[in-house]
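User: I would like to learn how to read the interfaces and a pocket in a model. Please take the general idea before each case.

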Amino acid sequence: MSDHEYQPKSKVGKWFNDRLPLLTLGAHLTDYPTPKNLNYWWTFGGILTFCLITQIITGIVLAMHYVAHADLAFGSVEHIMRNVNYGWLIRYIHSNGASMFFLAVYIHIFRSLFYGSYKSPREIIWILGLLIYLLMMAAAFLGYVLPWGQMSFWGATVITNLFSAIPLVGESITTWLWGAYSVDNPTLNRFFSLHYLFPFLILGLVVLHIWALHIPGNNNPVGIDIKKPSKDTVPFHPYITIKDAFALLMFMIIFAGFVFFSPNVLGHSDNYIPANPMVTPAHIVPEWYLLPFYAILRSVPDKLGGVILMFSAIFILFVLPWLDTSKVRSAVFRPIYRQFFWILVIDVLMLGYVGAMPAEGIYLVLARVGTVYYFLHFIVVLPVVGLLEKTDPVPMSISEPVMTGGAETSLARKINEKI
Amino acid sequence: MKKFRKKTFYLILTIFLSFNHLNSAEMTEPIKVNWSFKGITGKFDRASLQRGFQVYKEVCASCHSMQYLSYRNLGEPGGPEFSEEEVKAIAASFEVTDGPDSQGEMFTRPGRPSDMFVSPHPNKEAAAAANGGAYPPDMSVLVKARKGGANYIYSVLVGYEDPPPGVKLDQGVYYNKYMIGNKIKMPNNLEDGLVEYADGTASTVDQMAKDVTTFLAWAAEPELEERHKLGVKVLIYLILLTILVYLSMRKIWSRIDSKM
Amino acid sequence: MSKEEKKVNRRDFLFTATYTVGAVGLGAVIWPMIDQMNPDKAQKALATTEVDISQIEPGNSITVLWRGKPVFLKRRTPDEIAEARAVNMDDLPDPQRDEERVKEGKDEWLVMLGVCTHLGCVPLKDKGDYNGWFCPCHGSHYDVSGRIRKGPAPTNMEIPKFEFVDNNTIKIG
């Protein structure tokens with residue numbers, strides 16, 4: 001990177017930049033050499049940044065009108081929907097924005113899994129990303145409680161009760177979380193406070209995530225290290241910015257479709273019933289993006305066991321870079337891993353599906369099979385396949401997909417087709 | 001990565017189909033009505049909204065509250081759009097409790113457009129006590145609060161039947177084939193000719209059910225028409241910008257691709 | 001113009017169009033975020049206030065709340081009215097005749113927003129050099145008609161829209 005050589009042209013610019021090198025930062029972000037073969041799966045980083053900013057802005061606006069009190073919260077949301085200028089628009093962007101955020105983050109994560117973006121030297125990026133994901137789930141859960149509908153209340157009850165599974169101190173912890181002897185007004189108040197805090201923590205982690213990314217630079221579909229800058233790279237602006245913008249607009253079209261034409265389809269109708277501590281809704285389901293974990297939780301007939309397994313399902317991802325033993329990053333050149341990748345995708349989708357179903361009969365069986373496979377994939381499949389798999393030859397550079405062992409043009413063509 | 005894309009497409013399709021499947025559990029599927037407010041350009045039928053308000057006022061309002069609506073809403077664009085005078089007259093026909101006055105006493109006065117809809121009971125407990133222990137739910141967002149929405153509300157209103165043989169009903173419980181569990185504590189309040197519509201429409205049970213459901217759909221989503229209108233504009237704008245950005249992208253990347 | 005130049009022009013036009021359309025959209029998105037802070041529909045439709053004035057003796061006043069602001073209702077004595085009307089217009093920073101500030105035939109009733117036109121404090125009654133109101137924040141003196149006489153306030157205290165429903169009731173708003 002040629003950051004150090006950057007010098008502002010104007011005198012004022014130089015004076016400022018010597019004291020606070022914002023212009024150097026700007027130049028770095030503009031010129032940042034990016035692999036030129038990034039496909040559209042790489043645009044979700046930009047899309048996620050958009051999602052975060054959108055959630056923060058609409059959230060700050062909503063907080064200007066929302067009242068975090070058990071007796072008034074539901075009514076204040078209705079006030080936003082009915083009286084506040086554009087209140088309905090802002091609230092629907094915020095509530096559907098959460099779903100769009102998770103949709104994007106799941107694609108982002110699975111892209112990383114497919115192309116091996118979590119592998120050395122990008123482990124820290126991966127771990128920061130997982131922390132962001134964890135905070136996102138927490139923020140989404142806290143936010144879902146705020147309208148104080150039936151699903152808010154009972155979702156809060158169920159999730160906080162997870163902590164009661166902890167031996168000895170569990171009960172004390174849940175009471176401490178509630179600030180009462182059940183989910184009540186103190187709970188709502190602190191959830192609002194934390195829901196306001198978390199997005200800014202996420203923003204901080206995102207800065208670190210991008211910083212950590214800019215040290216080794218982007219991975220790419222071929223998964224090889226590239227020289228930067230070289231003819232394999234393009235400057236971030238305008239090449240990547242315009243591509244990101246295009247993908248973002250496509251994403252926004254889908255987003256707008258939800259916001260304007262079916263704003264409640266991703267939510268649950270029971271949440272338009274005010275919270276009632278005396279009656280539990282017939283089917284409690286979390287929002288769709290938490291369903292796979294919900295399925296894992298319910299697949300274990302033991303309270304503590306279920307909770308441990310559910311958290312393990314997330315925490316196992318933190319050691320993923322060391323579980324994967326393969327030297328080759330991209331699944332493009334890993335014929336066996338590629339199969340298992342798709343099995344994992346189907347497995348997670350199936351877990352999501354059974355998570356929405358009643359925990360009985362065939363659904364319970366499927367949940368258990370899915371859970372076992374989920375862990376098998378990370379603990380057994382990844383290390384073993386990495387060791388045994390015969391990978392396809394990897395090209396030397398992006399622009400010259402020529403093999404080390406001679407000019408195998410047919411293979412080169414094959415690779416080009418794949419990318 | 002054509003393969004990757006294709007597979008993903010099918011996966012996404014599968015998820016959506018399976019979520020559709022989720023919605024169809026447990027009760028008799030509600031009757032599908034071709035509401036005027038469906039679809040991306042859907043609008044409410046003004047006349048039906050006004051009739052629906054009449055049904056609400058004369059039939060529902062004696063038990064059900066609608067505490068998040070104000071009388072002024074009845075005159076706002078996208079709703080029943082009563083004239084200003086009509087809204088004032090409607091509001092004035094209700095006794096509103098106000099106060100305290102300078103003596104510290106609560107007093108009643110005729111309603112004003114800015115007042116919220118007067119509830120038939122002072123609180124939930126009183127409402128339940130007056131209705132055999134079952135609280136008649138607030139109807140402000142009822143359509144959004146029920147799976148199946150407007151179709152479901154309409155179906156329940158027209159779904160009263162004699163119980164099939166073998167089904168025993170307690171005192172004050174009625175059989176309704178669209179209700180979850182088929183048992184409902186609200187009696188069948190609609191009968192042909194119950195209200196006299198000002199516009200001369202025949203007040204059949206079906207007509208009244210449709211009208212009042214339309215009214216409730218508006219009450220739950222008073223922003224619907226504005227939302228649809230703005231949504232169409234936003235989509236047109238986004239598609240236009242997407243095309244422009246796509247063309248710009250092609251131009252910019254042609255500098256690289258031509259060198260390859 | 002050479003072919004090359006034409007090509008460049010067309011490309012420039014495309015980029016300019018894209019930027020322009022994008023900027024228009026951004027502006028359109030900002031508006032709802034600003035407008036949401038304006039008074040909402042419920043605020044705009046806020047009720048009028050009706051006041052029972054049968055208990056007010058001449059020379060006394062009451063204060064009621066309307067749209068979150070105090071409204072002074074003063075029943076003036078004939079002396080006070082005479083005093084207000086005797087003022088020379090040239091002595092007033094914001095010249096306005098007392099007759100313009102009350103309803104015809106109801107001269108004794110002064111109904112005005114009890115908000116100092118300087119920076120919004122509530123003036124104290126029966127204080128100041130002009131027998132009317134005095135704002136303690138920055139020392140504005142108002143006379144018995146609520147007109148500014150001395151101090152930093154630029155204009156007279158505002159008269160809200162009001163009407164007499166009957167002899168004993170005033171409706172403000």
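Analyst: Contact here means heavy atoms within 4.5 Å. This is a predicted model, in which local features need pLDDT of at least 70, side-chain atom pairs count only at pLDDT 80 or more, and totals for chains, interfaces and linings use all residues. Residues are numbered from 1 along each chain as its sequence is written, chains are lettered from A and ligands numbered from 1 in the order in which they are written, and side-chain values use heavy atoms, without hydrogens and water.

User: How many residues do chain B and chain A bring to their contact?

Analyst: Chain B brings 50 residues and chain A brings 55 residues.

User: What area is buried between chain B and chain A?

Analyst: The size of an interface is often given as the accessible area lost when the parts come together. Buried area is that loss (1.4 Å probe), summed over both parts. For chain B and chain A the figure is about 4600 Å², with 74% from carbon and sulfur atoms.

User: How many polar contacts and salt bridges cross it?

Analyst: A salt bridge needs a side-chain nitrogen of Lys or Arg within 4 Å of a carboxyl oxygen of Asp or Glu; between chain B and chain A the rule finds zero. A polar contact is a pair of N or O atoms within 3.5 Å; within protein, one must be able to donate a hydrogen and the other to accept it, and residues adjacent in sequence count only if both atoms are side-chain atoms. Eight residue pairs, both at pLDDT 80 or more, are in polar contact across the interface of chain B and chain A.

User: Which element gives the most to the side of chain B that touches chain A?

Analyst: Helices are DSSP runs (H or I, at least four residues), numbered from the N terminus. α7(B) gives the most, with 20 residues.

User: How does the interface of chain C and chain B read?

Analyst: Chain C gives 16 residues to the contact and chain B gives 14 residues. Together they bury about 1200 Å², 66% of it on carbon and sulfur atoms. The count of salt bridges between chain C and chain B is zero, and three residue pairs, both at pLDDT 80 or more, are in polar contact. On the side of chain C that touches chain B, the elements giving two or more residues are α1 and α2 (41–44) of chain C. The largest share, nine residues, comes from α1(C).

User: Which element gives the most to the lining of the second largest pocket?

Analyst: A pocket is found on a 1 Å grid over the protein atoms alone, as an open set of points where a 1.4 Å probe fits, with protein on both sides within 12 Å along at least five of seven lines; lining residues have an atom within 4 Å of a point. For the second largest pocket, α1(C) gives the most to the lining, with 14 residues.

Notes:
Buried area is the accessible area (1.4 Å probe) that two parts lose on being put together, summed over both.
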